[in-house]
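Biologist: Show me how to read the fold and the packing here. Where do we begin?

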Amino acid sequence: MKNFIKNIVGKNDSSKESSVNLDKDIVSMDFTKWINSILDKPLPSEVVAINFNLYEDENNKWSMEFVGASSFDVDDSDWACDEVFVTRENPLEWIQEASWEAILMDMSNEISEYLENGKYADKLKSYVGIGVGFVDGDIEILYENSK
């Protein structure tokens, strides 16, 4: 199945917005470009954990934001609400005909792959925990730092 993705890196500059017909490899490349642009810069020192908030928008449109949180509790998903840093103005957005379960699985796989092979994987893994989930749902913990 073909996907459509709109990666807004530098959203304030509309010339950087683009929509194209993509396959999963290009979605991966776009995710990588987006996450690298975030992690290229230092995050606030108060960040102890990372969450990837997923949103189901309209007409098969999905979006994801990167959240740096000041707390982490594997037993209480409200830790992700303790936002210190968020890319709300610069989300990763795409169009894909899929269920929310499939989107969660796809994005969990993308993030897990990045944690294994990404340019800033070590930086991400230095945080206490990393999760992903829909804003109004449970968080799937993808990584816990045992330090």
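**From elements to core**

Modeller: The protein has 3 helices and 8 strands. Both are DSSP runs, numbered from the N terminus: helices are H or I with at least four residues, strands E with at least two. This is a predicted model: local features need pLDDT of at least 70, side-chain atom pairs need 80 or more, and totals for chains, interfaces and linings use all residues. Residues are numbered from 1 along each chain as its sequence is written, and side-chain values use heavy atoms, without hydrogens or water.

Biologist: In what order do the elements of the protein run from the N terminus on?

Modeller: The order is β-β-α-β-β-β-β-α-α-β-β.

Biologist: What share of the residues counts as buried?

Modeller: Buried means under 20% relative accessible area, exposed over 50%, partly exposed in between (1.4 Å probe, protein chains only). Here 43% of the 147 residues are buried.

Biologist: Which residues of the largest nonpolar core touch the most other members?

Modeller: In soluble globular proteins, nonpolar side chains tend to be buried together. A nonpolar core is a set of buried Ala, Val, Leu, Ile, Met, Phe, Trp, Tyr and Cys residues joined through side-chain atoms within 4.5 Å. This one has 28 residues; Phe-31, Trp-34, Ile-50, Phe-52, Met-64, Phe-66 and Ile-111 touch the most other members. At least two residues each come from α1 (24-39), β3 (49-56), β4 (61-69), β6 (92-95), α2 (100-117) and β7 (129-134). α2 gives the most, 6 residues.

Biologist: What is Phe-31 in contact with, beyond four places in sequence?

Modeller: Contact means heavy atoms within 4.5 Å. Leaving aside neighbours within four places, Phe-31 contacts Phe-52, Met-64, Leu-92, Glu-110, Ile-111 and Tyr-114. Another core, of 6 residues, lies apart from the largest one and includes Ala-49, Ala-69, Phe-72 and Ala-80.
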